[in-house]
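Welcome, and thanks for taking a look at this one with me. Please have the sequence and the 3D view open side by side as you read.

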Amino acid sequence: MTYAGKTMGTTYSVTIVDPLSSLSRETTLAATDQILDRINLSMSTYRPDSELSKFNQNQTTQWVPISADLYEVMKEALRVSRLSGGAFDISVAPLVDLWGFGPSSREDTIPSDADVQARLKLTGYTHLYLQENPRAMRKDLPSLSVDLSAIAKGYAVDQVVSYLDSLNLSDYLVEIGGELRAKGNNAQGHPWNVAIEQPNSKVRTVHRVVHLENQAVATSGDYRNFFERGGVKFSHTINPNTGRPITHNLTSVTVIAESCMKADALATAFLVLGPEAGYALARREQVASLFISTNDDGYLERATPAIQAHLGTGKETA
Ligand code: ADP
Ligand code: MG
């Protein structure tokens, strides 16, 4: 059974191998939409009424009670921020907006140095604090604004997975906007194969195939969401140190991990860190990852030892 829908400004799809056809498509689809709506109502920055938008608008530096969903995502986001030395930073929203990639309309203009410096002062994940009991968060910079776009899709995949597990399903694939998590086997009885795209903005071709066994895979790239000015590409991924879009030639990072939330956040973190520092961290942390950079001859690929077992020859079909 396969069903699909829209969420988080993108599409989702769920494939369940259900030989006995025991599930009702309507019920499963409705339950999935309900989970996704719940997460959007908690952490969408495109909805002014979400829990997170209210926290962002609220200028208080006092503790604010938060939902279990928001707590889980904040906890992992701050963990990855520390692990990456601040390359992953969920407070870069003012810069994402300044460069035209935020919820407000897109200008495609290059901001001035002064504007970048001014906005940098409004950011920094170290201004955020999280408390478990009772669940709450606070900021010590009144205007600080949190953007979970780089991790929320992964979390949503994990939540749909939990729901499918609660139905005792053993073979499925869940995907939201290209972030995926698989369990068991496909309809042919083989482990799920997932295609990693060639990092090319013009055509969608398969670059590699990865095998998943009860894992998630997420890819971050600069090849889909960007604008060009004077032959220079400006990506939606911001380097929190400079306040500017990343400039190196690393064009996509794919991460395989046990949770999709972790894979999603790490893929973004490694992409920000770049081909050297990102790869070094992925290796040190033994994270299964594939780094694709562009050079004059085309693509240059670097895979950490931990992802080798998941890689196909590149000739297989998904
Ligand atoms: P995608 O949305 O294409 O899957 P990502 O998961 O990498 O890609 O998330 C990119 C989004 O994350 C950006 O659109 C922006 O909202 C936000 N973002 C940009 N730079 C950073 C950063 N350094 N750390 C965390 N989030 C970021
Ligand atoms: Mg991400």
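What follows is a short tour of the sheets, the helices packed on them, a metal site and some salt bridges. Please keep in mind that this is a predicted model.

**The eight-stranded sheet**

A good place to begin is the open sheet of 8 strands, whose order is E1-E2-E6-E7-E10-E15-E16-E17 with antiparallel pairing. Its edges are formed by strand E1 (2–7) and strand E17 (298–303), each of which pairs on one side only. From one strand to the next, the twist averages 15°. At the E17 end, strand E16 (residues 288–295) runs antiparallel to E17, and 6 bridges join the two. If you want a spot to centre your view, Asn295 stands opposite Gly298 in E17.

Which strands does helix H1 touch? Helix H1 (residues 25–43) packs on the sheet against E1, strand E2 (10–16) and strand E6 (172–176), and its direction makes about 25° with that of E1. Helix H7 packs on this sheet too, touching E7, strand E10 (216–221), strand E15 (250–257), E16 and E17. The direction of H7 makes about 130° with that of E15.

**The three-stranded sheet**

There is also an open sheet of 3 strands, in the order E3-E5-E4 and with antiparallel pairing. Here strand E3 (64–65) and strand E4 (128–131) are the edge strands, each pairing on one side only. E4 and E5 run antiparallel and are joined by 4 bridges; Gln131 has Ala136 in E5 as its bridge partner. Lying across E4 and E5 is helix H3 (residues 68–83), which runs at about 125° to E4.

**The magnesium site**

Which residues hold the magnesium ion (ligand 2)? Its protein donors are Ala150 (O), Asp264 (O), Asp264 (OD) and Thr268 (OG1), at 2.2 to 2.5 Å from the ion. Along the sequence, the donor residues follow the spacing A-x113-D-x3-T. Ala150 and Thr268 link distant parts of the chain: Ala150 sits in the loop between strand E5 (136–139) and H6, while Thr268 belongs to helix H7 (residues 260–284), 118 residues apart. Ala150 is partly exposed, with a relative accessible area of 25%, whereas Thr268 counts as buried at 11% relative accessibility.

**Salt bridges**

Side chains of opposite charge can pair when their charged atoms come close. The structure holds 10 salt bridges, and the table lists some of them.

| Acidic residue | Basic residue | Closest N to O distance |
|---|---|---|
| Asp158 | Arg181 | 2.8 Å |
| Asp165 | Lys183 | 3.1 Å |
| Glu285 | Arg284 | 3.0 Å |

Why does the salt bridge of Asp158 with Arg181 tie together separate parts of the chain? Asp158 lies in helix H6 (residues 152–166) and Arg181 in strand E7 (residues 179–183), so the pair ties together parts that are 23 residues apart in sequence. Both Asp158 and Arg181 are buried.

Asp165 and Lys183 also link distant parts of the chain, with Asp165 in helix H6 and Lys183 in strand E7, 18 residues apart. Asp165 is partly exposed, having a relative accessible area of 29%, and Lys183 counts as partly exposed at 26% relative accessibility.

As for the remaining pair in the table, Glu285 is partly exposed with a relative accessible area of 34%, while Arg284 counts as exposed at 57% relative accessibility.

Note on methods
Residues numbered from 1 in each chain as written. Chains lettered and ligands numbered in written order. Predicted model: local features only at pLDDT ≥ 70, side-chain atom pairs only at ≥ 80, totals over all residues. Heavy atoms only, no water. Salt bridge = Lys/Arg side-chain N within 4 Å of Asp/Glu carboxyl O. Buried < 20%, exposed > 50% of the residue type's maximum accessible area, 1.4 Å probe, protein only. Donors = N, O, S within 2.8 Å, 3.2 Å for Na, K, Ca; no water. Pairing = 2+ DSSP bridges. Contact = heavy atoms within 4.5 Å. Axes fitted to C-alpha atoms, helices over the stretch in contact; angles between N-to-C directions.
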